[in-house]
Structure formats: structure tokens, C-alpha cells
Amino acid sequence: MTTSASPTRAEADRLAESGPRTLAEDLRGRTDAALAALLRARPDLTSPVPVDLTQLATRATTRASIARALERLDRFTLQVVDAAVVLPDGFAAARLHTLVGVDPEVLAGAVANLREQALLWGPDDALRVVRTVRDLVGASPAGLGPTLAGAAAPTAPSRLQEVLADLGLGSSHDAVSAIAAITDLFTDPTRLDALLAQAPEAAREVLDKLVWGPAAGSVRGADRPVRADAARTPVEWLLARALLVPAGPDAVVLPREVALHLRGGRVHRTPEPAPPELPTREHDPQAVDSLAAGSAFTAVRRVEDLLEAWSTGGPAVLRAGGLGMREFKRTAVQLDAPEAEVALWLELAYAMGLVAGDGEPDEQWLPTPAYDTWRRTPVGTRWAALAGTWLETTRVPSLVGSRDDKDRPIGALGMQVDRTAAPEVRRRILTTLAALPPGSATDADSLLAHLTWHQPIRAARLPEELFRAMLVEAELLGITGRGALAGYARTLAEGRVYEAGDALTPLLPEPLDYVFLQADLTAVAPGPLVLDLAHELHLAAEVESTGGATVYRFTETSVRRALDAGRTAADLHHLLATHSRTPVPQPLGYLVDDVARRHGRIRVGTAGAFLRCDDDALLGELLADRRAAGLRLRRLAPTVLAAESAPDLVLEKLRGMGFAPVAESATGDLVLTRPDTRRTPPRSAPPRVAGEPPAPGEALLGAAVTAIRAGDAAATGRADDGTDRDGEPIELPRTSAAETLLALQAAHADRRAVWIGHVTREGRATQHIVVPLRLEGGYVTAHEQGTGEIHTYPLHRITGVAETT
């Protein structure tokens with residue numbers, strides 16, 4: 001397509017002579033590259049793509065869009081915005097230099113950035129600030145008060161005449177000219193210096209308190225008029241000369257012109273054209289990578305431990321959603337991990353869709369089928385999924401356990417832990433650390449100051465303690481080590497998540513298929529275990545400690561759990577003999593045989609519940625046990641007891657008493673529950689809270705600029721009635737039938753807009769800018785750029801095709 005990369009020659013000549021009158025005209029005079037830069041810097045403008053430049057200008061000045069744009073600006077650019085807001089529209093760029101006071105090249109870069117984002121527009125000698133920017137910055141940019149004209153507007157004309165007289169200025173005919181005369185005095189440095197030189201020392205002290213803001217102060221009786229010769233206090237001296245202006249019965253305000261003079265003509269006390277320096281401490285990059293890789297492996301294992309613990313039945317889902325604080329603390333004790341760390345693993349698992357509510361009436365948190373898929377992938381891939389989720393999720397785990405606005409605790413997996421600013425802050429942390437030399441780290445205070453300079457508005461929305469918690473989370477996840485970014489994690493900030501996982505893999509230990517059995521009923525795994533062995537050990541033993549090596553302890557409860565899951569004594573003996581590098585200790589073999597011998601001797605079925613056992617002496621023992629009184633057992637037959645409780649309660653009670661009962665079906669078969677059967681139905685990951693719109697790709701930018709240009713040409717250059725915007729008739733394109741068909745086919749293949757002439761059934765000549773979508777049966781179906789609608793045109797009624805210009 002040959003859409004112009006700049007406005008037409010006639011339009012360019014007109015804009016050069018008079019300058020753009022509106023933001024839409026300013027955008028119309030920009031090149032395609034400049035429009036693409038605007039859409040790239042402000043991605044919300046592409047959702048959806050505007051139909052023309054007028055709509056783009058309108059959307060670019062909405063309050064929500066401007067607020068997003070200001071949030072992306074760094075501190076110095078915001079200082080330039082403050083200075084621009086102080087000036088009236090139509091100011092020269094040179095006046096900004098006076099107010100900001102930095103190197104002209106540095107200032108020119110900030111101005112160019114603001115113009116690129118359409119926050120500032122117009123030629124260098126007549127710049128304008130978008131009105132919405134003025135509204136959002138407010139009436140007190142950089143702590144400055146209102147102008148004298150704004151502050152003195154409510155003042156009575158007679159009082160203004162008294163002020164003129166006290167200042168030694170001639171009288172005027174009206175309030176407007178009186179305020180103008182005082183303003184002229186206040187904007188003349190020489191005359192204003194002479195006036196301030198007459199001020200008492202105490203009056204200068206009052207001005208010094210207000211000069212850098214806030215510009216307003218409280219004074220009783222501020223609205224009572226006082227003549228200069230009757231002033232008794234420093235404030236009255238200033239009020240008599242309009243160096244302070246009443247802002248109410250008990251308030252005064254310092255006019256902007258006076259404050260700027262006292263500030264030395266600068267809007268800000270200290271311009272900050274560059275971010276603060278980052279002090280660094282150096283570490284061996286290999287040591288950093290090794291330490292971080294160990295943390296990465298531990299992170300993956302912690303998530304697995306958590307979800308394996310919930311595989312046999314997780315905690316209840318609260319009625320309002322989320323996890324109760326009591327259950328959360330119990331999970332932390334079960335994992336033997338700090339609560340802040342457990343919150344991180346829970347929230348990441350939830351954000352990845354690895355854990356969810358099962359949807360049952362008594363809803364529980366359980367692993368999802370996605371967990372089984374995830375845990376069968378290589379460790380590096382699993383870690384990449386965790387790290388990528390942490391980088392992009394809006395959920396902030398460090399909020400768990402804090403208090404909300406109503407002083408209620410914020411629970412895990414609930415709806416209160418989302419913060420839309422979190423992903424951007426995490427990306428900036430990684431980007432900043434990636435810019436340092438390998439192995440280099442910096443302190444948290446310096447990093448926070450550095451990031452705050454880049455986006456002060458957005459940083460203010462995320463409390464400092466949450467930022468510091470993100471640094472701890474990055475360390476726990478193995479993204480950083482000793483505060484330095486790991487070498488394998490440098491691609492994370494660029495979005496190449498799984499490349500980071502591939503780079504991590506060589507640093508991870510190889511999974512082992514053996515353990516060392518000890519005589520004290522423990523097994524030591526000297527490293528990570530292969531998936532199947534780890535699963536079987538988690539089933540048959542309790543995890544006693546983790547670290548470089550994992551210690552498992554075999555107990556009656558753990559062995560019974562394996563038997564309940566369908567394993568036999570022979571299965572367990574085979575497992576131990578096959579995977580132990582040491583002989584199976586005799587006490588461990590006795591433990592397995594003893595629990596297996598007692599396992600299933602009592603069977604619990606459904607009546608209320610019944611208990612069946614071939615050993616009537618064992619049932620007699622159970623009837624005599626006071627601990628079973630709550631079950632209300634009674635003998636129905638020598639080998640059968642009846643209970644008034646439900647089977648699951650009977651099973652739980654008997655196991656707590658040290659027995660090893662099993663459930664029995666209505667047909668007398670054993671009912672065995674395998675842990676891996678406790679999964680939710682298929683669940684998708686929870687939706688991400690809407691924050692920043694995604695950055696448009698180059699293909700989308702090109703297509704958007706093309707569509708906007710074509711739509712603008714249709715809206716401003718050619719009317720549907722065959723006349724241009726000035727009402728003059730235009731000549732429709734004329735091509736032969738063969739040329740028309742070839743041109744439409746080429747436009748369809750390239751998905752580009754063309755200008756067609758069309759004659760309606762009534763014989764009226766029209767023209768349209770369209771993108772052909774389909775050509776068949778003697779008709780062309782096309783998207784019309786001017787209206788955004790789809791129309792079908794008979795080929796025999798198309799007079800010709802021309803390229804848009």
C-alpha cells in the first residue's frame with residue numbers, strides 16, 4: 001500500500017504557515033513513524049484501533065489514557081510537565097529552559113518524549129499542554145499556588161484600588177486592569193526585588209515558609225482589608241501589598257508569580273535529570289549462579305511438597321473464596337516453612353492453575369490435572385513456569401497475613417491480593433539488575449530510589465514493604481543470588497522465559513533413583529529423586545527435613561497410609577530393597593510386616609456403619625475401650641459390630657486409636673483411596689486482573705497506522721457523495737475491468753486499502769476507501785475504512801481502482 005508517510009503537500013503547507021489548531025491537526029501532520037511511536041508508547045490507544053486521527057486525538061486526551069501516560073513518565077519528565085503547566089498555552093520551548101534550569105539537550109529530550117506521547121503539541125514557538133494534563137496535575141504544580149489573577153479574582157474592585165495605591169501604582173478603571181497592573185509588577189524582577197527589599201524580616205520569614213509549598217497558610221481574619229500604613233503584623237504587611245492574597249476567612253495563599261521569583265525562576269528546588277546512582281557490590285558470577293540454582297530447585301520442590309500434601313485432601317475453601325488463616329498457618333507448620341514463603345508457593349501455584357477448588361458442596365482446595373502435567377516436565381521447565389508466572393501475575397503474596405482497610409486479615413488465594421502495578425515493578429527490578437555487570441548486586445534502598453525515579457507515580461501505589469518483599473521472593477525463586485541477577489535469569493525480563501529454564505538445567509543436580517536406609521527407621525536422599533521414587537516415598541514415609549539432603553522417616557501411620565493406597569507389604573519390601581544403597585534394616589522390615597499384619601483386620605462398611613472382623617476377641621477389646629464410647633458400638637454377631645456414626649468418622653476414630661481399619665464396599669470388596677485420584681475437574685488458571693494493556697507488536701502498529709491514515713483520508717479528504725471536503729466534485733478512478741480485477745486481487749492479497757469508484761443502482765457516483773476481504777462470483781466484499789462496516793460491491797458497478805495517497 002502507498003499510504004503517505006506524511007501529510008499531503010497542501011496540508012503540510014497550510015500547517016507550516018499557521019501551525020496546527022488542534023491536536024488532531026498536529027497528529028495529521030506527523031509521519032507514520034511518529035504515529036507508530038505514539039501508539040507504541042501508549043498501547044491503550046490501539047484497543048480498539050481508532051477509525052481516524054480525530055478519534056485518535058479524542059481518545060488520547062481522555063482522563064484514563066492521560067493518567068496511564070503520566071504514570072509511565074520518569075521524575076524529570078514529570079518536572080518538565082509541571083513547568084509546562086505553569087506556563088500559558090502557546091509558550092516557546094525556550095521558556096521551559098528558564099523554569100527547569102538544566103542542560104538544553106537534556107530538556108529537549110524530555111520535551112520530545114512529551115510530544116511523542118501527545119501530551120505536548122504544537123511548534124517550538126507555540127507549544128500547548130493537553131488540557132487533561134493540566135486537570136490531572138492540578139492547580140498547584142510543584143507546590144505553586146494559583147496565579148495572581150486566579151487568587152485575586154474574588155477581591156472587591158475597591159480593595160484592588162487600595163492595593164494599587166499601596167504599591168505606588170496608578171488607579172485603574174476596572175478589576176481586570178488592576179490585576180494586570182499588579183501582575184506586571186510581580187513579573188518584573190527588578191521592581192519586585194525593590195518591593196521585597198522593603199519587607200520586614202518577619203515578613204520574609206513568612207514568605208520563606210510558603211515559597212516551596214504548600215502555598216497556602218492559615219491566618220485568622222485574613223479576609224479583613226488592611227491598608228499598608230495600618231499593617232501591624234508581617235502577614236498584614238504582605239496582604240496590603242498583595243504579596244499574600246486572602247483565600248478565605250482564615251487562609252492566605254502566595255501568588256504563583258511571587259513564588260517563582262523567590263524560587264529564583266525555577267519550578268523545582270532540585271531538578272533530577274538523571275536517576276540516582278546505583279552503588280554495587282561484586283560477587284563471583286559462578287557463585288551467584290550456583291546459589292540461585294539451588295534456590296530454584298528448592299522452589300520447585302516446595303511447590304511439589306505443598307501440592308502433594310493436599311493431594312490426599314486439601315483444606316476447605318472459604319465461602320467468600322480463599323484459604324482460612326487457620327488452615328494457612330497449619331499448612332506452614334506442615335511444610336515446616338515460614339508463612340511468607342508458603343504464601344509465595346500457594347499464590348504461584350494458584351496463578352499457574354495448579355491448585356483450585358474442586359467445586360463440590362463441601363469445597364476443598366485440591367491440585368488440578370495441570371499439576372500432574374507440570375510435575376512430569378523437566379525441573380528447568382517447571383522452574384521457568386514458576387518464574388514466568390511470578391513476573392507476570394498481579395497477585396502479591398506478601399499481602400497475605402496483612403490487614404485490609406477494615407482491619408481484617410488478608411488470606412491466601414483470595415481476591416484481595418491483586419495489585420495491577422506489581423508486574424511492571426517486577427520487570428523493572430529485573431531490567432535494572434540485568435543492566436549491572438554479571439555478579440553485581442545493589443542494596444534495596446538504592447534500587448528502590450532508582451526505580452522510583454523511573455516511575456514515581458506508579459511506585460507510590462505500591463508500598464515500600466511490598467517492593468522489599470519482591471526482592472526476597474526473587475531470591476527464594478532463584479532469580480537472584482546474593483542480590484545479583486543469576487546469569488540464566490537474564491532473559492526473563494525480555495520475555496524469553498523458557499530460555500532461562502534451559503539455561504538453568506545444566507546447573508541442577510541429576511535426579512537420583514536411590515536412598516540410604518538407616519537403622520533408626522529413616523531414609524536419606526542425598527539429592528533430588530526421580531519422580532516415581534519421590535512419589536512412593538512421600539506415600540510411605542514422612543518428610544523429616546529438607547536441604548542438601550532429604551530425610552524421610554517411616555512410621556506406623558505412614559506405612560498404613562501406603563497400605564490404604566493399595567500397596568502391599570511385598571510392594572513396600574520390593575521398593576526398599578530395590579532403591580536402597582544400604583541393606584534394609586531389620587526394624588524397618590518388622591515395622592512393615594507388623595502394620596501389614598494388622599491392616600484390614602477390621603473392616604468398616606455402611607449401615608450407620610458396621611465393623612467386621614474375623615477376630616472376635618479384637619472386637620471385644622474394641623467394645624471395652626472407653627475411647628470408642630462416642631461411636632456407640634453394639635455387637636450384632638460374634639464378628640460384626642454396628643456403629644451409629646458414618647463410616648468415614650468410624651475410620652478416622654479407629655485410626656486415631658491405633659487400629660488399621662479399611663473401608664468395605666456393599667459387595668464386601670476393599671475400598672482403597674489412592675492419593676493421585678484427588679484432583680479437581682479440569683480448571684483454567686484464574687484470570688489476570690486487568691492492568692496495563694499489552695504492548696502492540698510491530699505488525700499491529702503498521703496495520704493500525706495504515707487503517708488510521710486510510711480512515712482519516714476517507715473522513716477528511718473524500719466524501720461519499722463524490723465531493724471533497726470543500727464540496728468540490730472529484731473525479732472517480734477509471735480503470736478497465738481487467739485492471740480493476742487485478743488491482744482488487746493484489747489489494748486482497750496484501751490486505752491493503754484502495755480507493756474505488758462505485759455507481760449505485762440509482763446511478764449516483766460514490767467513492768470509498770476499502771480493504772478487499774473476498775473476491776468471488778462477480779462481487780467484492782470489503783471493509784470500508786471510513787465507517788468500519790463490511791459491504792459487498794458488484795464488480796460491474798466499480799468504475800475503477802486507485803491507490804490511496
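**Figure 1. Helices α17 and α21 are roughly perpendicular to each other.** Roughly perpendicular means an angle of 65 to 115 degrees, against under 35 for roughly parallel, over 145 for roughly antiparallel and oblique for the rest. The axes of α17 (residues 285-310) and α21 (residues 379-392) cross at roughly 80° and come within 9 Å. Axes are lines fitted to C-alpha atoms, for helices over the stretch in contact, with angles from 0 to 180 degrees between N-to-C directions. Helices (H or I, at least four residues) and strands (E, at least two) are DSSP runs numbered from the N terminus. From α17, the contact takes in Ala296, Phe297, Ala299, Val300, Val303 and Glu304, and from α21 Val379, Arg382, Trp383 and Leu386; contact means heavy atoms within 4.5 Å. By class, this contact has 8 nonpolar, no polar and 2 charged residues. Ala, Val, Leu, Ile, Met, Phe, Trp, Tyr, Cys and Pro count as nonpolar, Asp, Glu, Lys and Arg as charged, and the others, Gly among them, as polar. This is a predicted model, in which local features need pLDDT of at least 70 and side-chain atom pairs count only at pLDDT 80 or more, while totals for chains, interfaces and linings use all residues. Residues are numbered from 1 along each chain as its sequence is written, and side-chain values use heavy atoms, with hydrogens and water left out.

**Figure 2. Val300 of helix α17 and its contacts.** Val300 is buried, with a relative accessible area of 2%; buried means under 20% relative accessible area, exposed over 50% and partly exposed in between (1.4 Å probe, protein chains only). Leaving aside residues up to four places away in sequence, Val300 touches Trp374, Val379, Arg382, Trp383 and Leu386. The C-alpha atoms of Val300 and Arg375 are 9.0 Å apart in space, with the two positions 75 residues apart in sequence numbering.

**Figure 3. A network of salt bridges links Glu308, Asp372, Arg375 and Arg679.** A salt bridge is a side-chain nitrogen of Lys or Arg within 4 Å of a carboxyl oxygen of Asp or Glu. Glu308 belongs to helix α17 and counts as buried at 16% relative accessibility. Residues up to four places away in sequence not being counted, Glu308 touches Tyr371, Arg375 and His535.

**Figure 4. Salt bridges between parts of the chain that are distant in sequence.** The structure holds 37 salt bridges. In the pair Arg709 and Asp32, the closest N and O atoms are 2.6 Å apart. Arg709 lies in helix α33 (residues 698-716) and Asp32 in helix α3 (residues 32-41), so this pair ties together parts 677 residues apart in sequence. Both Arg709 and Asp32 are buried. A second pair is Arg75 and Glu272, with 3.5 Å between the closest N and O atoms. Arg75 is in helix α6 (residues 75-86) and Glu272 in the loop between α16 (256-262) and β6 (281-282), 197 residues apart. Arg75 is partly exposed at 24% relative accessible area, and Glu272 is partly exposed at 27%.

**Figure 5. Helices α18 and α19 are roughly perpendicular to each other.** Helix α18 (residues 325-335) packs with helix α19 (residues 339-351) at an angle of about 100°, the axes being 9 Å apart. Phe328, Lys329, Thr331, Ala332 and Leu335 of α18 meet Glu339, Val342, Ala343 and Leu346 of α19. The classes in this contact are 6 nonpolar, 1 polar and 2 charged residues.

**Figure 6. The buried face of helix α11.** In α11 (residues 157-166), the buried residues are Arg159, Leu160, Val163, Leu164 and Asp166. Seen down the helix axis, they fall within an arc of 165°, so they line one face of α11; the arc is that of the directions from the axis to the C-beta atoms. These buried residues pack against α12 (175-186) and α15 (234-240). Gly168, which follows α11, has a positive phi near 75°.

**Figure 7. Backbone geometry in three loops.** Most residues other than glycine have a negative phi, and most peptide bonds are trans. The Ser47 to Pro48 peptide bond is cis, with omega near -5°, and Pro48 lies in the loop between α3 and α4 (53-60). Ala242, not a glycine, has a positive phi of about 60°. Ala242 is in the loop between α15 and β4 (245-248) and is buried, with a relative accessible area of 9%. Arg482 has a positive phi near 55°. The loop between β10 (480-481) and β11 (484-485) holds Arg482, which counts as partly exposed at 42% relative accessibility.
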